[in-house]
Amino acid sequence: MQPRLNKIQYVHKSQLNNIKKCSRQFLYKDIYKLKPEFVNESSLTGSAFHRFAEEIYLSDKQDKWDDWKYWVQFWANDFQKRKEQCVADGIDVGTSEDIKSEDFVEMIVEFLKQPYNRFAEPVLIEAKFRFYIKVGKKKYWFEGTIDQLLKIEVKYLQGFPFIGKPNKDYVYIHRDIKTGNRRSMSEIGLTTDDNINVYSYALRYGLFDLKHDNSYSVFVSHIPFAHAIYYTRDHLKYKKNTGKNEDGSYVHKPGDYKGQAMYFVKKSQEDLKMMEPELVSLHNKINSGIYTRDGAANNLCDRFCGFKKVCLHDWRTNG
Ligand code: SF4
């Protein structure tokens, strides 16, 4: 029998992602707060990239946009610290064949080169927020952190499809930075993306903690011109299969094609209303006390889950 669990009042954006992947993994990670047996190196390198993309807009090193070596070193130091922390916590760090350190160097160099990055004016960077959705008398609270809200001159966005017709020479773009596996950026994928939905709701209705003192007192009330998933891995050439190894695995070599990097979607006031039922139902699911092993059916257990041992042990002993 599972112990009685306290309800999560403020559901974090990352918990929405976790409950959708595997409810049982969510239980171990977000409720029991167990340490995973391992983490993939790529998640640490990605977190270090996020830190770089934050630091370059917030620090006094703004004159270093041409100094890619400085930023690569910044990223490498941050990654090393994260790795050492895992070792100190007794968590194994698994290496990843999927994306290598040299790929991150190229991603940093390309990030620095893009005028839509270099000449953007930061408005919100890594800003914590809270908001609620009211159903009857009940308030469903959510929280998270906005990656970047930037003011960008339209001339730097000319090459992108679906940027519409701004009536000013600059636009406000909210963007979520991704370094993970390539994903399909279809219209439906962008429109229903949980992260973008939560962030767009927060920008319009949320309270922000801009003083970093947990005050959550600033009402931004903003609908940006567009939201973007900034897929920094698109700065690398897409790989193509060029044959097979002796063991049957495919040989991947860089092709000639790069993706567009930023993928835009608009969110109107009406769109924000439409996402409320889904967010409320996820809030209820998180606090339902029922945590099924969805990851097994989704093939997530072996490569992506650091809770395999406890999950299997519980299955055999408690169910
Ligand atoms: S081992 Fe599989 S089913 Fe169990 S928690 Fe992990 S992902 Fe979920």
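**Exercise 1. Two helices side by side**

In this predicted model, how are α1 and α8 oriented with respect to each other?

*Solution.* α1 and α8 are roughly antiparallel to each other. To reach this result, begin with the general point that two packed helices are described by the angle between their axes and the distance between the axes. For α1 and helix α8, which covers residues 194-205, the angle is about 155 degrees and the axes lie 10 Å apart. Angles over 145 degrees count as roughly antiparallel, and therefore the pair of α1 and α8 receives that description. On the side of α1 the contact is made by K13, L16 and N17, while α8 contributes D194, N195 and V198. As a last step, the handedness can be added, since the crossing of α1 and α8 is right-handed.

**Exercise 2. A second partner for α1**

Find the angle at which α1 and α2 pack, and name the class to which this angle belongs.

*Solution.* The axes of α1 and helix α2 (residues 23-31) are 5 Å apart, and the angle between them is about 140 degrees. An angle must be over 145 degrees to count as roughly antiparallel, and 65 to 115 degrees would be roughly perpendicular; α1 and α2 are therefore oblique to each other. The residues of α1 that make the contact are Q15, N18, I19 and K21, and those of α2 are S23, Q25, F26, K29 and D30.

Continue with α2 itself, whose buried residues are R24, Q25, F26, L27, Y28 and K29. The elements that cover these buried residues include α1, α11 (294-297) and α13 (308-317). After α2 comes K33, which has a positive phi, near 55 degrees.

**Exercise 3. The two sides of α10**

Which residues of helix α10 are buried, and which exposed residues are carried by the face turned away from them?

*Solution.* Helix α10 runs over residues 276-286, and its buried residues are L282, H283 and I286. When one looks down the axis of α10, these buried residues fall within an arc of 105 degrees, so they line one face of the helix. In general, an α-helix has 3.6 residues a turn, so residues three or four places apart point the same way. The face of α10 turned away from the buried side carries P277, S281 and N284, which are exposed. The buried residues of α10 pack against β1 (10-12), α1 (13-21) and β5 (138-153).

**Exercise 4. Positive phi in loops**

Where are Y216 and S221 found, and is each of them buried, partly exposed or exposed?

*Solution.* As background, most residues other than glycine have a negative phi. Y216 has a positive phi, near 45 degrees, and is found in the loop between β7 (207-208) and β8 (218-219). S221 also has a positive phi, near 45 degrees, and is placed in the loop between β8 and β9 (226-231). For the second part, a residue is exposed if 12 or fewer other C-beta atoms lie within 10 Å of its own, and buried if there are 20 or more. Y216 has 18 other C-beta atoms within 10 Å and is partly exposed, whereas S221 has 9 such neighbours inside 10 Å and counts as exposed.

**Exercise 5. The whole chain**

What does the secondary structure of the protein come to, and how does the radius of gyration stand beside the globule rule?

*Solution.* The protein has 13 helices and 12 strands. The radius of gyration is 21 Å, close to the 20 Å that the globule rule gives for 319 residues, so the protein is as compact as a globular protein of that length. Of the 319 residues, 27% are buried.

Conventions
Residues numbered from 1 in each chain as written. Predicted model: local features only at pLDDT ≥ 70, side-chain atom pairs only at ≥ 80, totals over all residues. Helix = DSSP H or I, 4+ residues; strand = E, 2+ residues; numbered from the N terminus. Rg over C-alpha atoms; globule rule 2.2 N^0.38 Å. Arc of directions from axis to C-beta. Contact = placed C-beta atoms within 7 Å. Axes fitted to C-alpha atoms, helices over the stretch in contact; angles between N-to-C directions. Parallel < 35°, antiparallel > 145°, perpendicular 65-115°, else oblique. Left-handed = near helix turned anticlockwise from the far one by under 90°.
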